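Got the model open in your viewer? Here is a walk through it, one selection at a time.

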Amino acid sequence: MPKSRTAFALAILALVLAGGVAVAIRYWYAPPARKPGGPLTGVEIATLVSGNTIKGPKFSEYYLPDGSIRGREIEDTDEEYLGTWHVEGDRLCVAFPSHDYTSCVSITQDKDSEYTFAGSGSPGKRTVIAGNSEKL
């Protein structure tokens, strides 16, 4: 085989091998897929809350992309409060210094924009609304 054909064949072989190695690396290091109906992964949680409003039965909270939270209680006082959020593993963690409250929860989608937040207490139902719907 002439040198140019040999070099070409070796180049093709190298590309095929490199592609195979890339696929193998992706297979071995890809994050595990979530089970249908199971808790959201950390990446899914960050995507879900960042830049969106979470409404519970007594509050609304806007989760800013920078990791801060602006909230408002919807009961007697209509009090506004501040907090922070981050994702640890596959859990959403929040801290509200004014309420002396910290918690990490897993999140499971119930249907459409309705979710269950489950942590150390009893699970709570929440609605996620795109953007800062409450102007917090």
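**Stop one: the strands around the largest pocket**

This is a predicted model, and the tour begins with five strands. Select E2 (59–63), E5 (91–96), E6 (101–111), E7 (114–118) and E8 (124–130): each of them supplies at least two residues of the lining of the largest pocket. Which strand gives the most to that lining? Colour E6, which contributes four residues.

The largest pocket itself has a volume of about 570 Å³. There are 25 residues lining this pocket, and the ones closest to its centre are Phe59, Glu61, Phe96, Tyr101 and Arg126. Show those five as sticks. Then colour the whole lining by character: you should find twelve nonpolar, eight polar and five charged residues.

**Stop two: zoom out**

Switch to cartoon for a moment. The protein has two helices and eight strands. Trace the chain from the N terminus and the elements come in the order α-α-β-β-β-β-β-β-β-β. Now try colouring by accessibility: of the 136 residues in the protein, 29% are buried. As for contacts between residues at least 6 apart in sequence, 36% of them join residues at least 24 apart.

**Stop three: helix H2**

Select residues 42–49, which make up helix H2, and pick out its buried residues: Gly42, Ile45, Leu48 and Val49. Turn the view so that you look down the helix axis; the buried residues of H2 fall within an arc of 125°, so they line one face of the helix. The background is simple: an α-helix has 3.6 residues a turn, so residues three or four places apart point the same way.

What sits on the face of H2 turned away from the buried side? Val43 and Thr47, both exposed, are there. Carry on past the end of H2 and you come to glycine 51, with a positive phi near 80°.

**Stop four: two aspartates with positive phi**

Next, go to aspartate 100, in the loop between E5 and E6. Its phi is near 50°, a positive value in a residue other than glycine. Is the residue buried or exposed? Aspartate 100 has 75% relative accessibility, so it counts as exposed.

Then move along to the loop between E6 and E7, where you will find aspartate 112. Aspartate 112 is not a glycine either, yet has a positive phi of about 40°. With a relative accessible area of 69%, aspartate 112 is exposed.

**Stop five: the salt bridges**

How many salt bridges does a search of the whole structure find? Three, so get the distance tool ready and visit each in turn.

- Select glutamate 134 and lysine 55, whose side chains meet in a salt bridge at 3.4 Å, N to O. Glutamate 134 lies in the segment after E8 and lysine 55 in strand E1 (residues 52–55), so this pair ties together parts that are 79 residues apart in sequence. Glutamate 134 is partly exposed at 26% relative accessible area, and lysine 55 counts as partly exposed at 25%.
- Move to arginine 72 and glutamate 80, where the side chains form a salt bridge at 3.2 Å, N to O. Arginine 72 is buried, with a relative accessible area of 18%, while glutamate 80 is exposed at 56%.
- Finish with aspartate 110 and lysine 125, a salt bridge whose closest N and O atoms are 3.2 Å apart. This pair links distant parts of the chain, with aspartate 110 in strand E6 and lysine 125 in strand E8, 15 residues apart. Aspartate 110 counts as partly exposed at 36% relative accessibility, whereas lysine 125 is exposed at 57%.

**Last stop: serine 103**

Go back to strand E6 and select serine 103. Why does serine 103 count as buried? Its relative accessibility is 16%, and buried means under 20%. Leave aside its neighbours within four places in sequence, and you will see serine 103 in contact with Leu92, Cys93 and Val94.

For a final distance, pick the C-alpha atoms of serine 103 and glycine 121. These two residues are 18 apart along the chain, and their C-alpha atoms are separated by 9.6 Å.

Notes:
Residues are numbered from 1 along each chain as its sequence is written. This is a predicted model: local features need pLDDT of at least 70, side-chain atom pairs count only at pLDDT 80 or more; totals for chains, interfaces and linings use all residues. Side-chain values use heavy atoms; hydrogens and water are left out. On a 1 Å grid over the protein atoms alone, a cavity is a set of points where a 1.4 Å probe fits but cannot get out, and a pocket is an open set with protein on both sides within 12 Å along at least five of seven lines; lining residues have an atom within 4 Å of a point. Grid points are joined across faces, edges and corners, and a volume is the space filled by probe spheres set on the points. Ala, Val, Leu, Ile, Met, Phe, Trp, Tyr, Cys and Pro count as nonpolar, Asp, Glu, Lys and Arg as charged, and the others, Gly among them, as polar. Buried means under 20% relative accessible area, exposed over 50%, partly exposed in between (1.4 Å probe, protein chains only). The arc is that of the directions from the helix axis to the C-beta atoms. A salt bridge is a side-chain nitrogen of Lys or Arg within 4 Å of a carboxyl oxygen of Asp or Glu. Contact means heavy atoms within 4.5 Å.
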